[in-house]
Amino acid sequence: MRARIAGHPVHPALAHFPLGLWLAAVLWDLVGWWRSSETLWWQMSYWCLALGLAAALPAIATGLIEFLALRSDEPAIDTATAHMMAMAGAAALFGASWVLRAKAGAAIAPTAWALGLSFLGAAVLAAGGWLGGTLVYRYGIGREEGRGSR
């Protein structure tokens with residue numbers, strides 16, 4: 001089973017939404033830290049985290065479908081496993097940051113723990129994204145049948 005629409009893999013298209021929202025949250029955290037008297041930036045970060053978590057659900061589901069479709073002897077299986085673990089870790093870190101913020105309220109400056117979790121989440125997200133690119137560009141995972149698709 002593969003997650004495809006008109007022959008195109010769905011996972012890469014869906015993965016851009018949580019990635020962009022979570023990186024925007026980190027950007028708003030940096031702006032909020034720089035402009036500490038304004039609550040707008042903390043609110044924007046809070047809602048980007050929340051929307052990123054919601055957007056991650058279909059991205060995770062379609063990624064899992066694609067992962068389960070790989071053969072056990074696939075040369076890319078270790079990279080795919082590392083990608084999946086990194087992205088799940090990033091989602092967990094951003095989720096934990098959001099939970100810490102939700103306890104205090106969206107307009108309150110996040111704690112150092114909440115900020116640290118978001119920044120760590122961004123680093124793990126970057127590593128996972130790199131691995132996802134490796135799956136496509138090095139191993140051809142997700143490409144059209146007959147052109148390096150697995």
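# Notebook: four helices, two strands and a pocket

**Entry 1: the overall layout.** I read along the sequence and wrote down the pattern β-β-α-α-α-α for the protein chain. That fits my tally of four helices and two strands. A note to self: this is a predicted model. I then looked up the extent of the C-alpha trace, and along its principal axes it spans about 55 × 30 × 20 Å. The chain has 150 residues, and 38% of them count as buried. I also checked contacts between residues with a separation of 6 or more, and 71% of those contacts join residues 24 or more positions apart.

**Entry 2: helix H3.** I picked H3, which runs over residues 77-104. How far apart should the ends of its 28 residues be? At 1.5 Å a residue I expected a span of 40 Å, and the end C-alpha atoms turn out to be 41 Å apart, so the two agree. Right after H3 comes Gly 105, and I noted its positive phi of about 115 degrees.

Next I asked which residues of H3 are buried. My list includes Ile 77, Ala 80, His 83, Leu 93, Phe 94 and Arg 101. A reminder from class: an α-helix has 3.6 residues a turn, so residues three or four places apart point the same way. I wanted to know what covers the buried residues of H3, and the cover includes helix H1 (11-34), helix H2 (40-68) and helix H4 (112-137).

**Entry 3: salt bridges.** How many salt bridges does the whole structure have? My search turned up three. The idea behind them is that side chains of opposite charge can pair when their charged atoms come close.

- I looked at Arg 4 and Glu 66, whose closest N and O atoms are 3.4 Å apart. Arg 4 sits in strand S1 (residues 4-5) and Glu 66 in helix H2, so this pair ties together parts 62 residues apart in sequence. Arg 4 is partly exposed, at a relative accessible area of 24%. Glu 66 has 11%, and under 20% means buried, so I put Glu 66 down as buried.
- I then went to Arg 101 and Asp 29, with 2.7 Å between the closest N and O atoms. Arg 101 belongs to helix H3 and Asp 29 to helix H1, so the pair ties together parts 72 residues apart in sequence. Are these two buried or exposed? I found that Arg 101 is buried, and so is Asp 29.
- I finished with Asp 73 and Arg 71, where the closest N and O atoms are 3.1 Å apart. Asp 73 has a relative accessible area of 56% and is exposed. Arg 71, at 46%, counts as partly exposed.

**Entry 4: the largest pocket.** I looked up the volume, and the largest pocket holds about 980 Å³ of space. It is lined by 40 residues, and the closest to its centre are His 11, Pro 12, Ala 15, His 83 and Gly 132. His 83 was already on my list of buried residues in H3.

Which parts of the chain supply the lining? Strand S2 (8-9), H1, H2, H3 and H4 each give at least two residues. H4 gives the largest share, nine residues. I sorted the lining by class too, and got 25 nonpolar, eleven polar and four charged residues.

Terms used:
Residues numbered from 1 in each chain as written. Predicted model: local features only at pLDDT ≥ 70, side-chain atom pairs only at ≥ 80, totals over all residues. Heavy atoms only, no water. Expected span 1.5 Å × (residues − 1). Buried < 20%, exposed > 50% of the residue type's maximum accessible area, 1.4 Å probe, protein only. Contact = heavy atoms within 4.5 Å. Salt bridge = Lys/Arg side-chain N within 4 Å of Asp/Glu carboxyl O. 1 Å grid on protein atoms, 1.4 Å probe; cavity = no way out; pocket = protein on both sides within 12 Å on 5 of 7 lines; lining within 4 Å. Points joined across faces, edges and corners; volume = space filled by probe spheres on them. Nonpolar A, V, L, I, M, F, W, Y, C, P; charged D, E, K, R; others polar.
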